[in-house]
Amino acid sequence: MVKICCIGAGYVGGPTMAVIALKCPNIQVAVVDISAARINAWNGETLPIYEPGLDEVVKKCRGKNLSFSTDVEKHVSEADIVFVSVNTPTKTQGLGAGKAADLTYWESAARMIADVAKSNKIVVEKSTVPVKTAEAIEKILTHNSKGINFQILSNPEFLAEGTAISDLFNPDRVLIGGRETPEGKKAIETLRDVYAQWVPMDRIICTNLWSAELSKLAANAFLAQRISSVNSMSALCEATGADVSQVSHAVGKDTRIGPKFLNASVGFGGSCFQKDILNLVYICECNGLPEVANYWKQVIKVNDYQKTRFVNRIVSSMFNTVSGKKIAILGFAFKKDTGDTRETPAIDVCKGLIGDKANLSIYDPQVNQDQIQRDLSMKKFDWDHPVHLQPMSPTSVTDVTVVWDAYTATKDAHGLCILTEWDEFTKLDYQKIFDNMQKPAFVFDGRNIVDVEKLRKIGFIVYSIGKPLDDWLKDMPAVA
Ligand code: NAD
Ligand code: UGA
């Protein structure tokens, strides 16, 4: 029986391996991690991540051909194929700080594989890594190999959170990069045969190592660029009276452009878009391509501008101060259907409002108080480390309360902000919310999910990104 081991039981390692186990009953899959708390949760009733459909898949395979363990060395030494899906944070210190990928966890995983391996192995890069990482990994493995043969493959993951299980069941493509040698080609075939058990062959793309590594960074950069493009248009829509939803619809109808990923928002978040673009920028700079680096940097700058613009709209429309005012924050996760808050725009918006001395009352159906406190007190980039290695926040943020429903959050509030597009926020009783708020009552919709006209009829002053402005807002500056 083929044995697979995956190092890293996170948002990628957990769901990806669970789906491989489900689709390949003839393969034994072990997922290992240095975080005992995470492994315990994978073995328990409440899984460590919220992802629609994940529970069912895990419960079908766990105890059969899927296991979760902290015994990293045992499972790595027994495996034929080792996936590495550990954190690849942005460096916070030293050369490339604030841009380059920190490969500490990757390197320590590679050294451990070399240490414990007793038989030939295929080592698969599942984490998103800089181009040419495979070469560095190959060097670590071969210089410590004791005669064992290692083949390195790049197999980047394209799943999106909230739809991870359906993305894994039915991927647009699976990408496998490897060496163009006979051994490299054989390793590619071995991994291809795993995916071929449920993915049509024409969706499995095989390339050289560097194309696979770069394609992952390029795909995330292209996706993020679409969002920054539409968000830049949202600012112009507000200035001109155009409606960004109508513009997106009209632009997206062109089959060459397509309709997806054109929703204007308070800004993109998530663990990867910013990190991967910074990484791409750094690689361009290292390769003497400053013009290319600057082009991609702009995608992040527009995203930062969008978040600042949103905060400025709130403050300026509420008489230029939110000091001492209660603002309800509906949604904290970086998108709906996930409890993940990594790089969520809510962090920057909340910090901006707290900076102006607002009192925040936050509600998110999947995010608890501890997580929100950690996020609001942690330094930039510190979040992307294994949980038990993250610095503890020295103090909690006092101007914030976290509540468990939208009505409590909005009671007596001066304004409410929608920062995540949870379906339940479209179904709220906004008349009841209005009746219980201070007047004038403001709604700031960072996801364009409310019925603006209906809310204006109730009596709210409404700001919805990229939509024609209320008279109240027209004279307010929106500059960042
Ligand atoms: P994560 O933080 O959820 O999981 C990483 C896990 O690796 C953690 O549980 C950590 O404890 C563990 N780990 C770190 N070093 C280890 C070691 N030496 N031995 C054993 N375990 C170790 O991260 P994630 O979201 O799953 O992302 C992992 C990689 O996949 C990143 O490179 C990311 O860019 C990429 N990626 C993420 C997504 C996503 O949607 N989250 C999608 C595609 C690609
Ligand atoms: C993204 C990519 O979509 C995945 O293909 C990739 O594998 C993954 O990053 C990764 O490498 O980590 P994810 O971050 O989980 O997936 O979620 P997305 O659906 O891409 O959303 C990212 C952010 O963009 C969210 O904050 C979302 O709200 C925002 N967004 C998305 C918009 O503001 N407008 C849109 O039209 C689409």
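Trainee: Which residue has a polar backbone atom 3.4 Å from a nitrogen atom of ligand 1?

Mentor: This is a predicted model, where local features need pLDDT of at least 70, side-chain atom pairs count only at pLDDT 80 or more, and totals for chains, interfaces and linings use all residues. Residues are numbered from 1 along each chain as its sequence is written, chains are lettered from A and ligands numbered from 1 in the order in which they are written, and side-chain values use heavy atoms, with hydrogens and water left out. A polar contact is a pair of N or O atoms within 3.5 Å; within protein, one must be able to donate a hydrogen and the other to accept it, and residues adjacent in sequence count only if both atoms are side-chain atoms. The backbone partner at 3.4 Å is Ile 34.

Trainee: How much of the accessible area of ligand 1 does the protein cover?

Mentor: Side chains reach ligand 1 too: an N or O atom of Arg 38 is 2.8 Å from one of its oxygen atoms, and a polar atom of Asn 87 lies 3.0 Å from an oxygen atom. On its own, ligand 1 has 840 Å² of accessible area (Shrake-Rupley method, 1.4 Å probe; for residues, only the protein chains shown count as cover), and the share covered by the protein is 95%.

Trainee: Are the buried residues of helix 2 on the same side or on opposite sides?

Mentor: Helix 2 spans residues 36-43, and its buried residues are Ile 39, Ala 41 and Trp 42. Because they cover an arc of only 160 degrees around the axis, they lie on the same side.

Trainee: Which exposed residues does the face turned away carry?

Mentor: Buried means under 20% relative accessible area, exposed over 50%, and partly exposed in between (1.4 Å probe, protein chains only). On helix 2, the face turned away from the buried side carries Ala 37 and Asn 40.

Trainee: Is Ser 154 buried or exposed?

Mentor: Ser 154 lies in strand 6, residues 150-154. Leaving aside neighbours within four places in sequence, its contacts (heavy atoms within 4.5 Å) include Glu 125, Leu 175 and Leu 209. With a relative accessible area of 2%, Ser 154 is buried.

Trainee: What share of ligand 2 does the protein bury?

Mentor: Two side chains hold polar atoms beside oxygen atoms of ligand 2: Ser 265 at 2.6 Å and Arg 447 at 2.7 Å. Taken alone, ligand 2 exposes 700 Å², and the share buried by the protein is 90%.

Key. Helix = DSSP H or I, 4+ residues; strand = E, 2+ residues; numbered from the N terminus. Arc of directions from axis to C-beta.
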